[in-house]
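Please open the model in your viewer and set the display to show both the backbone and the side chains. The tour below proceeds by selection, with each stop describing what is found there.

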Amino acid sequence: MADHLAWPFRVAPGGGLAVVVEDTPFELRQNVLVLLHTPRGARALAPDVGVDDPTFHGVDPVALAADLMDFEPRADVAVTVEPGGWEGEQRATITVHRKGL
């Protein structure tokens, strides 16, 4: 299995670059986190990659799970949304499992 650079980009304790091993739960989690931190349209060469900004319309759990599974086909994603403590606030819980496990 190949190593991939870890996200966020950082230096490992031994002085080299931090990596994650391909096809591990850590890599799957990392890929989903990268997608969650990428607004749709932010990448000029891949404008469809990422998720919609929920700031003004809230989180659609079905659409978010579908987007994440489209971009990371190895993942089985469940999203639940609950009201937060403040008016208009939402708390989303995202559960990621590797398909077939």
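How many nonpolar, polar and charged residues does the lining of the second largest pocket have? The lining has eight nonpolar, two polar and three charged residues. The model in view is a predicted one.

**First stop: the second largest pocket**

Select P25, L28, R29, V96 and H97, which lie nearest the centre of this pocket among the 13 residues that line it. The space in the second largest pocket comes to about 180 Å³. Next, colour α1 and β4, since each of these elements supplies at least two residues of the lining. The greatest contribution is that of α1, with six residues.

**Second stop: helix α1**

Now select residues 25-36, which form helix α1. A distance check between the C-alpha atoms at its two ends gives 17 Å; the 12 residues should span 16 Å at 1.5 Å a residue, so the two values agree.

Within α1, select E27, L28, Q30, V32 and L35, the buried residues of the helix. To see what covers these residues, display the surrounding elements, including β1 (3-5), β2 (19-21), α2, β3 (75-83) and β4. L28 thus appears in two selections: it is one of the buried residues of α1, and it is among the residues nearest the centre of the second largest pocket.

**Third stop: Q30**

Centre the view on Q30, which belongs to helix α1. Is this residue buried or exposed? Q30 counts as buried because its relative accessibility is 9%, under the 20% limit for that class. Show its neighbours as well: leaving aside residues up to four places away in sequence, Q30 touches L5, A6, W7 and V20.

**Fourth stop: the largest pocket**

Move next to the largest pocket, whose volume is about 320 Å³. Its lining comprises 16 residues, and those closest to the centre are V51, D52, P54, V59 and L64. Select these five residues to place the pocket in the view.

Which elements each supply at least two residues of this lining? They are α2 (61-71) and β4 (90-98). Of the elements, α2 gives the most, with three residues. Colouring the lining by class shows nine nonpolar, three polar and four charged residues.

**Final selection: β4**

To close, select β4 alone. This strand supplies at least two residues to the lining of the largest pocket and at least two to that of the second largest pocket. In addition, β4 is among the elements that cover the buried residues of α1.

Notes: Residues numbered from 1 in each chain as written. Predicted model: local features only at pLDDT ≥ 70, side-chain atom pairs only at ≥ 80, totals over all residues. Heavy atoms only, no water. Helix = DSSP H or I, 4+ residues; strand = E, 2+ residues; numbered from the N terminus. Buried < 20%, exposed > 50% of the residue type's maximum accessible area, 1.4 Å probe, protein only. Contact = heavy atoms within 4.5 Å. 1 Å grid on protein atoms, 1.4 Å probe; cavity = no way out; pocket = protein on both sides within 12 Å on 5 of 7 lines; lining within 4 Å. Points joined across faces, edges and corners; volume = space filled by probe spheres on them. Nonpolar A, V, L, I, M, F, W, Y, C, P; charged D, E, K, R; others polar. Expected span 1.5 Å × (residues − 1).
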